[in-house]
Amino acid sequence: MSHLIVQNLTKTVGDKTLFQNIEFTLYEGERAGLIGINGTGKSTLLSILADQIEADAMDIDRPNKYRVAYLPQEPTFNGGETVLQAVFSGDSPILKLNREYEETVAALALNPTSESLQKTLFSLQHRMDEEQAWDVNALAKTALTKLGIEMFDKDVLTLSGGQQKRVALAKVLIEPADLYLLDEPTNHLDVQSTEWLQEMVLRLKGAVIFITHDRYFLDELSTHIYELANQTLYRHTGNYGDFLEARAIREEMAAASAQKDRNRYRSELKWIRRGAKARSTKQKARIQRFEQLEDNLERKTDDVSLELGLATTRLGRKVLEAESISKAFGSQKILENFAFLLQQGDRIGIIGANGVGKSTLLNMLAGEMIPDAGEIHVGSTVKIAHFKQTLPKMNENERMIEYIREASNDITDAEGVRYSAAQMLERFLFPLHAHGTPIGKLSGGERKRLHLLKLLMEQPNVLLLDEPTNDLDIETLGVLEDFIEHFPGVVITISHDRFFLDRIAKKLWILDGQGHVEESLDIYSEYLQKREQQAAVKVDAPKIEKPKADKPKAEKKKLSFKEQKEWETIAVDIVKTETAIMEAEEGIANAGADFTKLQDLTAKLEELNAHYEHLIERWSYLDEIVNG
């Protein structure tokens, strides 16, 4: 089994130490989700492991023939390459063979009578057969198609930035490797592409380290969570839900931790578990125990919430109203006779495939684009903040605190309490000592977070958010979600982030790309589930049922002697295990700062939970035989 052992890894950029003497071990088949606030060095860590930049110090142990496939956040390609050539541009023998084959096919199409090209093609086809390279060729084209790239012969540099990222993702997924490094692979992907990517990553044989802001994606794939914070890498076993649960318990025990963070972790845990119920088949009893744990956590403290209800300009009964608006670009219909009336407190999620006109609709609501027909009426007291996918140009020499003060020196909440620009920067995860940092030294995600705060400092009462989750770290997303939940105005957002939409959107506008807009009051995950069920019904052809001849009833299954003995005692075993779990939880609650004891009790609790789940499964099986 291949392995990667990293020790004493240190990296400093300028006068800022990102991480110091961090270490971790990763084995084949393990998938580590890398999380941390923007600017802590997540992308830098992947770049070091991909040999793109040098560490200040590092001890690394891995096999000699250890192949690494790397997806950077902003990939680059060579000029003159087609999409397929770019996908097959890796240096592994099987990719080189596919590249030669595709180049020969393209050359033969231009010169079909060339005997030398025909001979070369025949030879390459023979080698493709011998080395079983056709599977990689088919996988590459399937991956591109699933990711929305269908023009294989197009010059890759003529594609948009988002499309180039998808081509780079396809390249990484087909490349044989021992370690896959994926930096924000879900950016620019719609939900169908994200779900397909999820399945692909699960099939990869090598180890995976990935950065993502998509918490459902993180929860589904992770076998470990690596958290970068305070120049240190913390390693947690389990998926994102397990990480949140452990962190919620730890935060309850650690009196020095900030109260606002504990609230957010519990809130996020509630939502991740809610999503898990819809996406998995865990036993109901186990899920109820998680819910009881959350209830217990909420009863233990009267925490100060992170919420900040802004004092905004009073909105009238009518905020935004559209009368039969239509918009098209040539033959491409975006909207046709769409009408709506938005009122205070509305939370709208705009969804649909890439290219159907979601950003165009948002631009019309912001008054930056005019509909071809119909009108949009804006209330007299409306103050709009429009957060776009592309950041406006920022003065790199300007300091953070100065940039925020351009909007306002302070902000007032709904109860009249004033918060200074410095206090708001801290709420948005910029520590006090960093407020004088020039914008040029910030990472892309930090700049996006700073610009978002500047818009909110203007105290708008209508927020238009276009893919706000892209490039934001999970910590910032939690802050933003808490902020929006208590925002008194109207929020309209475009997002492919299932978790974000589940938590924020109370109504969905679904654009179909043909001018029609469907409205739904479902939570986004529930809407996706219903759509999948409807698609499955359409695929199944109607069947004519034939009269069934009476068949002798199958003999009822009986318990074996061993199963009978198990059935007699299993109810008692379940009660005993439940009692032991409660005792372990009580021990954890009373462990205080004794982290050794806390670690032992947590390990014991994990064993008891696993045993409890096994007992529940066995009870269900035996009960079906007895009462079925």
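Start with one pair of residues: Thr12 has Thr17 in strand S2 as its bridge partner. That pair belongs to a larger match, in which eight bridges join strand S1 (residues 3–13) to S2, with the two running antiparallel. Keep in mind while you look around that this is a predicted model.

**The sheet at the start of the chain**

S1 and S2 are part of an open sheet of three strands, ordered S2-S1-S4 and paired in the antiparallel sense. Strand S2 (16–27) and strand S4 (57–61) are the edge strands, each pairing on one side only. On average, neighbouring strands of this sheet are turned by 10 degrees against each other, direction ignored. Helix H1 (residues 42–49) packs on the sheet and touches S1, S2 and S4. The direction of H1 makes about 55 degrees with that of S2.

**The whole chain**

Now step back for a moment. The chain has 628 residues, and 50% of them count as buried. You'll find 20 helices and 20 strands in the chain. Among contacts between residues at least 6 apart in sequence, 71% join residues at least 24 apart.

**Strand pairs**

Here are some of the strand pairs, side by side.

| Strands | Bridges | Sense |
|---|---|---|
| S3 (residues 31–35) and S8 | four | parallel |
| S8 and S9 (residues 232–237) | six | antiparallel |
| S10 (residues 320–329) and S11 (residues 332–342) | seven | antiparallel |
| S10 and S13 | five | antiparallel |

Is strand S8 (residues 224–229) mostly covered or mostly open? Five of the six residues of S8 are buried, so the strand is mostly covered. On the S3 side, Ala32 stands opposite His224 in S8. On the S9 side, Leu228 has Leu233 as its bridge partner. S8 and S9 make a hairpin with two residues between the strands, where Asn230 takes a positive phi near 55 degrees.

S10 and S11 also form a hairpin with two residues between them. In that turn, Gly330 has a positive phi of about 65 degrees. Ala328 stands opposite Lys333 in S11. As for S10 and S13, Glu323 stands opposite Glu375 in S13.

**Around Ile376 and Asp372**

Ile376 sits in strand S13. The C-alpha atoms of Ile376 and Glu323 are 6.4 Å apart in space, though the two residues are 53 apart in sequence. Leaving aside neighbours within four places in sequence, Ile376 is in contact with Glu321, Ala322, Ile325, Met364 and Leu365.

Asp372 lies in the loop between helix H12 (358–365) and strand S13 (373–378). Is Asp372 buried, exposed or something in between? Its relative accessibility is 49%, so Asp372 counts as partly exposed. Which residues does Asp372 touch, leaving aside neighbours within four places in sequence? They are Ser326, Lys327 and Ala328. With Lys327 there is a side-chain polar contact of 3.3 Å. Leu335 is 37 residues from Asp372 along the chain, and their C-alpha atoms are separated by 9.4 Å.

**Two nonpolar cores**

In soluble globular proteins, nonpolar side chains tend to be buried together. Here, the largest nonpolar core has 54 residues, and the members touching the most others are Val87, Phe88, Leu144, Val167 and Leu197. Helix H6 (residues 161–174) supplies the largest share of this core, seven residues. Not counting residues up to four places away in sequence, Val87 touches Ala140, Leu144, Val167, Ala170, Lys171 and Ile174. A second, separate core has 37 residues, including Ala421, Phe428, Ala434 and Phe500.

**Helix H16**

Last stop: helix H16 (residues 474–485). Why can H16 be called largely enclosed by the rest of the structure? Because 11 of its 12 residues are buried. Among the buried residues of H16 are Ile474, Leu477, Val479, Leu480 and Phe483, and also Glu475, Glu481 and Asp482.

At 1.5 Å a residue, the 12 residues of H16 should span 16 Å. The end C-alpha atoms of H16 are 16 Å apart, which agrees. At the N-terminal end, Asp473 caps H16, with a side-chain oxygen 3.1 Å from the backbone nitrogen of Glu475.

Terms used:
Residues numbered from 1 in each chain as written. Predicted model: local features only at pLDDT ≥ 70, side-chain atom pairs only at ≥ 80, totals over all residues. Heavy atoms only, no water. Expected span 1.5 Å × (residues − 1). Buried < 20%, exposed > 50% of the residue type's maximum accessible area, 1.4 Å probe, protein only. Polar contact = N/O pair within 3.5 Å; in protein donor to acceptor, adjacent residues only side chain to side chain. Core = buried A, V, L, I, M, F, W, Y, C linked by side-chain atoms within 4.5 Å. Contact = heavy atoms within 4.5 Å. Pairing = 2+ DSSP bridges. Axes fitted to C-alpha atoms, helices over the stretch in contact; angles between N-to-C directions.
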